[in-house]
Every structure is written in C-alpha cells, then in structure tokens.
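This report describes an internal cavity first and an open sheet second.

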Amino acid sequence: MKSIILGLIVCLFTVSSGSSQSLTSGKSLPRIGIAGLGIESSTFSPAITHEEAFHAKYGPEVFTSYPFLSAGSPLRQQATWLPALVGKSLPGGAVTREAYESLVGKVLDSLKKNGPYDGLYFDIHGAMSVVGLDDPEGDFITRIRKVVGYKALISTSMDLHGNVSWRLAKNSDLITCYRMAPHEDAMQTKERAVTNLLERLKSGKGKPAYKAWIPIPILLPGEQTSTRIEPGKSLYQQVAPLADNQAGIVDAAIWIGYAWADEPRNHAVVMVTGDDKTRVTKAAEQLARSFWNVRNQFDFVAPVGTLEKSLADALASKKHPFFISDTGDNPTAGGAGDVTWTLTQLLARPEFKQADGPSLIYASIPDPELVKKAMAAGVGGQVDGVAGARVDARFAPPVPIKGAVESIVEGDINAEVEVVVKVGSIHVIVTQKRKPYHKEADFTRLGLNPRTADIVVVKIGYLEPELYAMQAGWIMALTPGGVNQDLARLPYKRIKRPMFPLDKNMPDPNLSVQFVPRSGESK
C-alpha cells in the first residue's frame with residue numbers, strides 16, 4: 001500500500017512540475033521554449049537604450065508575464081515549458097550593440113542548456129533598432145534557429161507597429177500580431193500565438209504549408225491608424241473572419257509598421273499562414289488591397305493643431321479635464337522623453353503664472369538632479385533648478401523650475417522616483433528616469449486628481465484607454481521631438497521609396513502574394 005501511495009505522489013508531482021509526461025495519455029508532452037525582446041526604437045532620437053531598460057526575466061520568472069501560463073492553467077499543463085529570457089523595455093532610442101549581444105547571448109545560452117525543443121514561443125515587438133545592425137529581430141531569430149534547429153516550430157507574436165522582414169517571416173513558422181490600437185488585445189494575441197503552436201504540435205500538422213507575405217509601401221504613425229476610428233476600424237475588422245473562421249487558414253495579420261526608424265524593413269506588411277493555398281492567397285491579397293485602397297482616408301485619431309491652438313482650445317473649453325497630447329516626445333513611441341520645448345512654452349504663459357490660475361498637470365519631464373534637490377527640500381519645501389534636455393536638447397535647453405514640492409514617491413519600475421513641483425498653477429511631474437503616464441493611478445499615487453484638473457498635458461500620442469475614457473476634451477499637439485508626427489520633416493535616407501504618404505502620387509504597387517519558404521527550406 002505504501003508503495004502505491006508513493007507512486008501516486010511521484011506521479012502527481014511529475015505532472016504538476018511540468019514534466020514531459022502526460023498523466024492521462026502517457027504520451028510525451030511537447031517541449032517548448034520561450035524567449036523574446038521587445039522595444040520600439042526611434043533612430044531619429046539621440047537617446048540610447050541600455051540592457052537594464054529591458055528588465056529581463058529569466059527561467060520560471062518568465063511565466064509572470066503570461067497569465068494564461070500561470071500554474072495550473074490549461075495551457076501550462078499541455079507542454080513542458082522551458083522559458084529562457086523575456087525582456088521588455090519602454091520605447092526609446094536605439095539599443096547599444098553591447099546590450100543587444102548580452103541579452104541575445106543569455107537567451108542562446110539558456111536554450112542550449114535546456115534543449116531539445118519541439119517548439120518555441122518567440123515574443124517580440126518587432127521595432128527594435130540596434131546600433132550598427134539592421135533587422136535585429138531577424139538576426140535574433142536566425143541565431144535562435146542555429147540552437148533549436150529547423151524541426152522545432154517557432155510561433156512569433158508581435159505588436160502591429162512592428163516590422164516583418166523576409167528573414168523574420170522565413171524563420172517563423174507561425175506568426176501573428178495585435179488587431180487593436182491601442183493594444184487592448186495584447187495578451188489575447190500572445191495567447192493565440194501559444195494556442196496555435198500547441199495545436200500544430202499536438203495535431204501533428206507541424207509547419208503550415210504556406211506563408212503569404214505582401215509588403216505594402218505605406219508608412220504611417222499609429223496616431224493615424226488607430227482601430228478606434230475609420231478606416232483602421234473596418235480594415236482590422238476583416239482580419240478575424242478571415243483568420244479564425246476558415247478551414248485551411250491558421251492566422252492572418254496586418255502590420256502597420258514602425259514609422260520612426262530608418263531601415264529598409266520599415267513599411268506595412270500583410271501575412272497569412274495556412275495549409276490551403278487558394279484561401280491563403282485570397283485572404284492575403286484581400287487584406288493588402290483593402291489597406292492600399294483606404295490609404296488616403298487615414299487621419300489622426302483626434303483633432304490636431306499647434307501647441308498654441310491646443311492651449312487656446314483647452315482654455316476656452318468648459319469641458320474638464322481637457323487633455324493635450326504632447327506628441328513629438330512621446331516616450332511610448334520612442335521619444336527621449338526629456339524634450340523641454342512644450343513645458344518651456346507652458347511655464348511662459350501668463351495664464352498659469354499665478355497659483356489660482358487654470359489648474360494644469362504636466363506629465364512629465366525626467367531630471368535626476370532636480371529630483372535630488374526636491375528630495376532634499378522635502379514635501380512642502382521649495383526647489384529651484386533646471387530640468388530636462390539632458391538627452392535631447394535640439395529643440396529647447398533645460399527648463400528652469402522653481403516651486404513648491406507637493407509630493408515625493410519612490411519605487412516605480414520605470415521612473416524610480418517621482419516628484420511633483422507646483423509652479424504657478426502648473427503641477428509639473430519630474431521623474432528620476434522617464435516614464436509614460438497612461439493610467440489614472442499614475443497620477444493619483446502622486447496626490448494628483450486628473451479628473452478635477454482643467455488641463456492635463458501628457459507626453460503621448462493617442463490616449464490610452466483609461467485616459468481616453470476620462471477626457472472631456474482632447475487635442476493632439478504637433479510638437480517637435482524624436483517621434484515627430486509630421487513624417488515629412490524626418491530625414492529618411494534608407495527606407496524603400498516610393499513610400500506613401502511621403503510620395504503621394506506614387507503608382508499602385510504590386511500586391512500579389514509572395515510565398516515565404518518554410519523555415520529550413522532554401523527555395
């Protein structure tokens with residue numbers, strides 16, 4: 001009896017710990033690795049991204065990034081998971097070659113130790129730029145293939161603002177991307193990539209027979225291609241019926257591409273994968289033609305104007321809070337985050353000189369030196385110094401800030417330390433390191449209530465869901481910075497031309513399917 005009980009305990013322990021043995025079928029579970037790096041990198045920003053910005057997770061810690069792979073979840077129990085490394089950075093400037101090689105080397109070392117593999121989940125953004133290296137994600141997956149081999153299936157999930165090079169497409173067996181912008185379906189997309197991988201492994205179908213790839217010569221910012229409004233809304237609504245409801249198709253996707261980097265791979269792409277050549281071809285060409293046909297209809301997701309017009313609209317509005325997007329230095333698009341041009345203009349406005357003027361929250365400006373001074377002064381004390389333009393001083397110098405310290409909060413994963421300094425009627429958020437402000441809690445934890453403010457100025461493009469739901473009025477200010485929304489002002493030299501909208505009168509492109517060879521095949 002003891003031996004029977006012991007045997008049951010051992011068996012249960014084996015299953016719960018992710019063994020390669022299935023309790024019910026007795027068949028070996030597939031061995032699946034997990035790896036990925038994600039960042040948007042503007043090559044038009046002087047900022048540089050280092051390794052620590054990726055906040056890399058190793059081994060079992062990787063599971064914390066995926067609720068659908070939590071302990072005891074159905075997907076977790078369907079494979080032996082072998083997580084290597086996953087790192088996600090705030091968008092920023094190009095990644096140093098040293099940081100890239102270090103992170104990739106750690107992934108490869110882990111994969112070598114834990115092989116062999118039946119599959120690998122490759123979780124990337126798709127818009128990483130690395131100093132001195134084109135197409136980093138294509139390079140990354142090629143190096144992974146040298147470790148895991150070509151029999152293993154790789155399922156790649158991406159941001160729709162990523163770029164799909166031929167090399168990335170060839171080395172991915174399954175590939176998908178978000179279908180919403182803002183990316184409210186990010187986790188759903190990642191789960192779909194894993195589910196597709198497991199289905200192809202468990203069914204024995206393996207690699208899809210066909211991967212249709214269509215490059216589309218369109219390069220637009222996300223603020224003009226949001227799926228909240230037309231034509232992006234209807235365009236992306238075509239994807240799910242084609243991808244999810246047709247036999248012979250595994251997945252379909254439209255990539256807008258990343259507008260603020262200057263590489264040949266930066267453009268839109270449609271991909272469809274599946275086993276039915278006719279349906280795969282028809283779906284891909286339908287999506288590509290639909291995208292091209294509505295190219296002239298894309299417009300900004302909100303009213304736009306100069307900063308002067310934006311402030312005039314906000315001050316005249318009886319609706320509060322009125323949001324102004326400071327778009328040119330948006331840190332979640334790749335801006336340095338410390339451009340002072342807008343804040344300089346705000347502090348010079350007479351309307352905000354007095355403490356009882358229109359209440360305005362400015363989020364945010366990074367400056368570790370001013371944060372130090374504020375911490376020394378303490379809450380209620382006075383601080384006098386300059387902030388910003390440590391990285392990107394092309395448009396304005398460091399801005400003088402003199403006012404009362406309203407709050408000091410430590411511990412944010414990105415900002416590390418945040419302080420609020422009141423200058424006149426403006427509450428300026430100053431951070432030790434740059435940080436995006438997307439959620440209501442980002443403000444309330446600092447003692448600020450954006451709902452009762454007259455004006456909230458945020459370094460952002462389109463408003464993220466919580467802020468969008470909160471705004472009573474909204475305009476996007478076309479301000480200078482490394483992610484300038486006026487693409488014609490950017491010094492592109494290496495993207496493929498002609499490219500819409502830079503070349504508005506270009507002829508219609510060839511939007512016929514190009515079939516990508518299956519991974520490991522030469523033709």
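Ala, Val, Leu, Ile, Met, Phe, Trp, Tyr, Cys and Pro count here as nonpolar, Asp, Glu, Lys and Arg as charged, and the others, Gly among them, as polar. The model is predicted, with local features needing pLDDT of at least 70 and side-chain atom pairs pLDDT 80 or more, while totals for chains, interfaces and linings use all residues. Residues are numbered from 1 along each chain as its sequence is written, and side-chain values use heavy atoms, without hydrogens and water.

On a 1 Å grid over the protein atoms alone, a cavity is a set of points where a 1.4 Å probe fits but cannot get out, and its lining residues have an atom within 4 Å of a point; points are joined across faces, edges and corners, and the volume is the space filled by probe spheres set on them. The structure holds one cavity of 30 Å³ or more, and the largest cavity encloses about 30 Å³. Its lining divides into four nonpolar, five polar and one charged residue, and includes Ser 155, Leu 174, Asn 196 and Asp 251. Elements, which are DSSP runs numbered from the N terminus (helices H or I, at least four residues; strands E, at least two), that give two or more residues to this lining are tabulated below.

| Element | Residues |
|---|---|
| β8 | 153-158 |
| β9 | 174-177 |
| α5 | 186-203 |
| β11 | 249-255 |

The largest share, three residues, comes from β9.

Strands pair if DSSP finds at least two bridges between them. An open sheet of nine strands, with mixed pairing, runs in the order β13-β21-β14-β20-β15-β19-β18-β17-β16, and its edge strands are β13 (304-305) and β16 (382-387). β13 pairs with β21 (residues 473-477) in the parallel sense over two bridges, where Gly 305 has Ala 477 as its bridge partner.

Methods
On a 1 Å grid over the protein atoms alone, a cavity is a set of points where a 1.4 Å probe fits but cannot get out, and a pocket is an open set with protein on both sides within 12 Å along at least five of seven lines; lining residues have an atom within 4 Å of a point.
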